[in-house]
Amino acid sequence: MNGKRLLLSSALCFLVAASAPAALVFEKTEVDLKPELGAAKVDAVFKYENKGTTPVHIKAVRPQCGCTTAALAKNDVAPGEKGEITATFSIGDRIGVQVKTVTVETDDAAAPQTVLTFKATIAQLLDLQPTFVYWQANEPAQPKTIVSEAGKGTAVKKLDVTSSTGDFTAKVEAGSAPGEFKIQVQPKDTAKPLNATLTIKPDVASAKPYFATARVMPPGTAKP
């Protein structure tokens, strides 16, 4: 008899927990971000409130990957108390749309786990095509072109291009469209293997440099 009562009591507790609304309620669980051009990082802020009648303990906040960290002011949230979790995304060399998540674990039986998602749309300042130009051994040392186009919504009026060695020259010409440039790269000769890194700097504050490679291939090397 006692066993049946215990089983019934456990079942009722489970049903109550399953039907009870979550105490810790987030204002939003999905956030769209548009970092400033050249920004090294961006923050996603998720606000919450304990709408229950008992305290909620936040046991863990787990970012999806090492490029994201998450912080909160305190782990214990009293009834009626508000707070926020800040997820910081390190942009690095990433471009385009980046989707990351942070998992929040609590002792709230109705919602022990909540997944917070942010989408960061990172503008690409320059698109270089190609990023590698080469000459076969003893090929005529004629210029080859790298086309640079400014990304949508960006304004690039000037490019500075330097070669890591004096074996190559690089000249910049305006393209046919606004924000377009043609980088003419030329080796001094093609009689021996040569290699250089081209550093391309747009005239935009805090913009990171871009890189391309120029090479004269060794004799007998197949086309890349």
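The following legends describe close-up views of a predicted model.

**Figure 1. Overall content of the protein in the predicted model.** The protein has 1 helix and 17 strands. Of its 224 residues, 31% are buried. Among contacts with a separation of 6 or more, 64% join residues 24 or more positions apart. The accessible surface is about 13300 Å². Carbon and sulfur atoms hold 53% of that surface.

**Figure 2. Strand β7 and its antiparallel pairing with β3 and β5.** Strand β7 spans residues 82-90. Strand β3, residues 41-50, pairs with β7 in the antiparallel sense, and 9 bridges join the two. Within this pairing, Tyr48 lies opposite Gly83 of β7. Strand β5, residues 68-72, is also antiparallel to β7, with 5 bridges between them. Here the residue facing Thr88 of β7 is Thr69. In a regular strand, side chains point alternately to the two faces of the sheet.

**Figure 3. The open sheet of 5 strands with mixed pairing.** The strand order is β2-β9-β8-β4-β6. Strands β2 (30-33) and β6 (76-77) stand at the edges. Each of these edge strands has a single partner, so one side of each lacks a neighbour in the sheet.

**Figure 4. The edge strand β2 and its parallel partner β9.** Strand β9 covers residues 113-122. Strands β2 and β9 run parallel and are joined by 4 bridges. Glu30 stands opposite Thr117 in β9. In the strand order of the sheet, β9 lies between β2 and β8.

**Figure 5. Surroundings of Gln136, in the loop between β11 and β12.** The loop that holds Gln136 connects β11 (132-135) to β12 (144-150). Is Gln136 buried or exposed? Gln136 has a relative accessible area of 17%, and the cut-off for buried is under 20%, so Gln136 counts as buried. Beyond its neighbours within four places in sequence, Gln136 is in contact with Thr190, Val216, Met217, Thr221, Ala222, Lys223 and Pro224. Gly220 is 84 residues away from Gln136 along the chain. The C-alpha atoms of Gln136 and Gly220 are separated by 8.4 Å.

Technical notes:
Residues numbered from 1 in each chain as written. Predicted model: local features only at pLDDT ≥ 70, side-chain atom pairs only at ≥ 80, totals over all residues. Heavy atoms only, no water. Buried < 20%, exposed > 50% of the residue type's maximum accessible area, 1.4 Å probe, protein only. Contact = heavy atoms within 4.5 Å. Areas by Shrake-Rupley, 256 points an atom, 1.4 Å probe, with all protein chains shown as cover. Pairing = 2+ DSSP bridges.
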